[in-house]
Amino acid sequence: MMEHREYMELALKLAAAARGQTSPNPMVGCVLVKNGEVVGMGAHLRAGEAHAEVQALRMAGTKAKGATAYVTLEPCSHYGRTPPCADALIEHGVQTVVVAMLDPNPLVAGRGVAKLKEAGVNVLTGICEAEAKRLNEVFITFITTGRPFVTVKTAMTLDGKVATYSGSSRWITGEEARREVHRMRHEHDAILVGVNTVLADNPQLTTRLSPGGKNPIRVIVDTTLRIPMDANVLTDGQAPTWIFTTEHADRTKRAQLEEKRIRVFSTGDGPKVDIDCLLATLGEQQVSSLLVEGGSQINSAFLHARAINKVVAYVAPKLVAGQNAPTPFGGLGIEEMADAISLMDVSFEKVGNDMKISGYPVWR
Ligand code: AOF
Ligand code: ZN
């Protein structure tokens, strides 16, 4: 017979199988076990569809009576798009519920566990909690702040450059790293670049994976609406494109864009697009995760707004030199090394011939 942790790890794997398709909902997995036998399994696959517990209960049928449920997230207690899972577990006679983490959704936040306990169900919490929190880092941020979880992804040479002095930048990393980036695009609700990147590279910002993937909403930061009307992101129709600008933008250009069904948001009359306002707006639009693919000015704007939740940096073993060659984060920068932004929970991974370093900035 397996231990609590092993069943929970299985439930976490089931949950993670739906990565990139549950937004704005969390990924959740559930395993039902009775007398050492797995009698039901389920995962939440899509917002609006059945929750993990319901899927597992359906599979188990009458065998759920007296079983132990392993759930990666506290069973819900509220009527959302679907009825409460806590009620379903109680009705099916589940005896014990093992929970990895409480639901940070203020509508639930402990009420699911309380409901189960009141009904006489044994509840055990905190099994594989750290793993569960990592799995749902996006959901936790979105449901508690109303803003998207922001990942800044960069790719640079060993000497820290994102392009040569002449602006040439294809490609810095190898194929494996580039494939990973397309996977990241698939997993995010939206992708963001600055207009300078559009002007320099005319990117599509789509997910090119075989056998296919979901395209994120394309967000362009463009203070004065310099975007060319024939840019790929405006003409290819592959995914929605939203432009964030300011009151300094030309009204006629704005109308032209809106005529092409491009959404244009103004963040006010500040000198630059206000990152804070941009994030609040994206959150209102149910964008729970945002992948920032730079340029150096945009990355630096996010840094100065302290608006980065995660950094994923690919470092390619190449040298291009050049004191004017751009680096991942531009702007004036921080004066004292003692004030550098440190990352925590850092991981180092070899991807093809490149090194991937990821971590979570500590904002003091
Ligand atoms: C669970 N099991 O599998 C999931 C839960 O609108 P709804 O009905 O889909 O509810 C969404 C909320 O339910 C979501 O914000 C989170 O609090 C919880 N998600 N809960 O017991 C699941 N996906
Ligand atoms: Zn539920």
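Me: Let me set the term: a residue is exposed if 12 or fewer other C-beta atoms lie within 10 Å of its own, and buried if there are 20 or more, with C-beta atoms placed from the backbone. On that basis, is Arg306 buried or exposed?
Reply: This is a predicted model, and in it Arg306 counts as exposed because 12 other C-beta atoms lie within 10 Å. Arg306 sits in the loop between α12 and β12 (310–316), and although it is not a glycine, its phi is positive, at about 50 degrees.

Me: Which other non-glycine residue has a positive phi, of about 65 degrees?
Reply: That is Arg261, which is not a glycine and has a positive phi of about 65 degrees; Arg261 belongs to the loop between α10 (251–259) and β10 (263–266). Most residues other than glycine have a negative phi.

Me: And is Arg261 buried or exposed?
Reply: Arg261 is exposed, because it has 10 C-beta neighbours inside 10 Å.

Me: Where are there cis peptide bonds?
Reply: One joins Ser23 to Pro24, with omega near 5 degrees, and Pro24 lies in the loop between α1 (4–16) and β1 (29–34). Another joins Arg170 and Trp171, where omega is about -15 degrees, and Trp171 is in the loop between β6 and α7 (175–187).

Me: Switching to annotations, which residues does the UniProt "binding site" cover?
Reply: The unreviewed UniProt entry places that annotation on Arg185, Leu205, Arg208 and Glu293.

Me: Take Leu205, then. Where is it, and what does it touch?
Reply: Leu205 is in the loop between α8 (195–201) and β8 (217–221), and, leaving aside neighbours within four places in sequence, Leu205 is in contact with Ile191, Val193, Arg218 and Val233. Leu205 counts as buried because 26 C-beta neighbours lie inside 10 Å.

Me: What about Glu293, buried or exposed?
Reply: Glu293 is buried, because it has 21 C-beta neighbours inside 10 Å. Glu293 is placed in the loop between β11 (289–292) and α12 (296–304), and its contacts, not counting residues up to four places away in sequence, are Lys153, Ile191 and Val193. Ile191 and Val193 are thus listed as contacts for Leu205 and for Glu293.

Me: Which residues come nearest to ligand 1?
Reply: There are 19 residues around ligand 1, of which Val28, His51, Gly80, Arg81 and Asn105 come nearest. By type, the shell divides into ten nonpolar, six polar and three charged residues.

Me: What does UniProt place at residues 2–124?
Reply: The unreviewed entry gives the feature "domain: CMP/dCMP-type deaminase" for residues 2–124. Over that stretch the chain is 30% helix and 23% strand, and the end C-alpha atoms are 16 Å apart.

Me: How is the chain split in the domain assignment?
Reply: The domain assignment gives domain 1 (4–139) and domain 2 (148–361), and the centres of domain 1 and domain 2, taken over C-alpha atoms, are separated by 35 Å. Seven residues from domain 1 and eight residues from domain 2 take part in the contact. The side of domain 1 that touches domain 2 consists of three nonpolar, two polar and two charged residues.

Me: And α6, which of its residues are buried?
Reply: Helix α6 (residues 137–145) has Val138, Phe139, Ile140, Thr141, Phe142 and Ile143 as its buried residues, and the elements covering them include α5 (129–135), β6 (149–157), α11 (275–284) and β11. After α6 comes Gly146, whose phi is positive, near 75 degrees.

Me: Last topic, the cores. How many residues are in the largest nonpolar core?
Reply: The largest nonpolar core has 44 residues, and those with the most contacts inside it are Ala11, Cys30, Leu32, Ala69, Tyr70 and Val71. Helix α1 gives the most to this core, with six residues.

Me: What does Val71 touch there, and what other core is there?
Reply: Not counting residues up to four places away in sequence, Val71 touches Ala11, Val28, Cys30, Ala52, Glu53, Val97 and Val99. Apart from the largest core lies another, of 42 residues, among them Ile227, Phe244, Val287 and Ala301.

Conventions: Residues numbered from 1 in each chain as written. Chains lettered and ligands numbered in written order. Predicted model: local features only at pLDDT ≥ 70, side-chain atom pairs only at ≥ 80, totals over all residues. UniProt positions renumbered as here; feature names shortened; annotations may be inferred. Helix = DSSP H or I, 4+ residues; strand = E, 2+ residues; numbered from the N terminus. Contact = placed C-beta atoms within 7 Å. Near = placed C-beta within 6 Å. Nonpolar A, V, L, I, M, F, W, Y, C, P; charged D, E, K, R; others polar. Domains from an automatic or database assignment. Core = buried A, V, L, I, M, F, W, Y, C linked by C-beta atoms within 7 Å.
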